[in-house]
Amino acid sequence: MKKKKSNPVVWTLFPMYIFTIAFVVFPLLYMICISFLGRSDTWGVIPEVTFEHYKKIAEPLYRETFLESFQVAFLSTGMIALIGYPFGYFMARLSEVWKKRVLLLLMIPFWTSSLIRMYGWIIIFRSNGVLDQILMGLRITKEPLKLLYTYPAVIVGMVYALLPFMILSVYSSVEKMDWNLVEASRDLGASRVRAFFTITFKLTLPGLLSGVILTFIPSMGLFFIADILGGNKILLVGSIIQEQLTKGRNLPFAAALSVVLMVLTSMLIGFYRKITHTKELEGMF
């Protein structure tokens with residue numbers, strides 16, 4: 001009998017499995033276990049199983065914070081999709097030279113810390129700042145606007161920080177698309193709009209969905225944007241988690257907040273993926 005040769009692919013995937021277990025699975029299990037333990041008087045936990053941390057999340061303060069966090073995430077993700085999809089689509093239609101130039105412009109902001117870039121928006125939004133000077137110079141406004149430390153300022157910061165992820169996801173999807181299908185639909189009498197919605201949009205929907213996932217999840221936890229551009233007026237779940245870890249020193253409650261946030265976000269993303277793949281939606285195209 002011939003001995004079966006070992007599959008070399010298995011050995012190449014082995015480091016990935018080790019990395020996933022060590023840095024993804026184990027930390028998640030550790031966080032879940034910590035959320036059910038009691039809080040120590042100083043720092044850490046005590047071996048006492050309790051559900052008090054999850055009951056505490058149902059209080060009005062934390063419930064409203066979750067609702068506000070989801071509101072910010074939905075609004076910022078919607079605006080990112082409206083801006084990022086056409087940007088990524090038309091970028092993929094550019095010549096090879098201009099594709100490289102635009103990609104370079106998208107990558108340049110990542111060379112600087114996002115925290116520093118957020119402080120740059122303070123210079124733009126502050127009273128008598130850059131934006132006020134431009135608007136008053138064009139005679140659009142007569143007096144400085146109070147944009148800093150407002151809800152729109154936080155949304156703008158979220159869109160600015162996460163927009164490249166949507167653009168690159170859509171760009172990658174459009175790049176792989178077979179344009180012969182679009183030309184075939186045009187030859188069969190379809191207009192540009194009909195060909196776009198029946199062929200192009202349907203084929204690039206996975207890229208749009210990937211961009212939604214890559215922007216929606218981080219927008220729930222980018223608390224430093226809300227702190228810098230919103231002051232203390234807008235409180236996200238990430239802000240409470242940070243406060244519990246630094247000031248409150250309540251590690252179990254911070255873990256419970258993280259677990260609930262992870263579960264809710266996963267449920268919403270799963271529901272969104274299911275909706276986009278229903279037969280009713282496919283019939284529309």
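**A friendly note on the nonpolar cores and one helix pair**

1. In this predicted model, the largest nonpolar core has 38 residues, and the members touching the most others are Met 118, Met 158, Met 166, Leu 208, Ile 225 and Leu 229. Such a core is a set of buried Ala, Val, Leu, Ile, Met, Phe, Trp, Tyr and Cys residues joined through side-chain atoms within 4.5 Å, where buried means under 20% relative accessible area (1.4 Å probe, protein chains only).

2. Two or more residues of this core come from each of helix 3 (60-92), helix 4 (96-107), helix 5 (114-125), helix 7 (151-175), helix 9 (192-219) and helix 10 (223-230). Helix 7 gives the largest share, 13 residues. Helices here are DSSP runs (H or I, at least four residues), numbered from the N terminus.

3. A separate core of 17 residues lies apart from this one, and includes Phe 66, Leu 257, Val 260 and Leu 261.

4. How do helix 5 and helix 7 cross? Their axes come within 11 Å and cross at roughly 140°, which makes helix 5 oblique to helix 7. Axes are lines fitted to C-alpha atoms over the stretch in contact, with angles from 0 to 180 degrees between N-to-C directions; oblique covers what is left after under 35 (roughly parallel), over 145 (roughly antiparallel) and 65 to 115 degrees (roughly perpendicular).

5. In that contact (heavy atoms within 4.5 Å), helix 5 supplies Arg 117, Met 118, Trp 121 and Phe 125, while helix 7 supplies Ala 153, Val 156, Gly 157, Tyr 160 and Ala 161.

6. A reading aid: residues are numbered from 1 along each chain, and side-chain values use heavy atoms, without hydrogens and water. Local features need pLDDT of at least 70, side-chain atom pairs count only at pLDDT 80 or more, and totals for chains, interfaces and linings use all residues.

Conventions: Buried means under 20% relative accessible area, exposed over 50%, partly exposed in between (1.4 Å probe, protein chains only).
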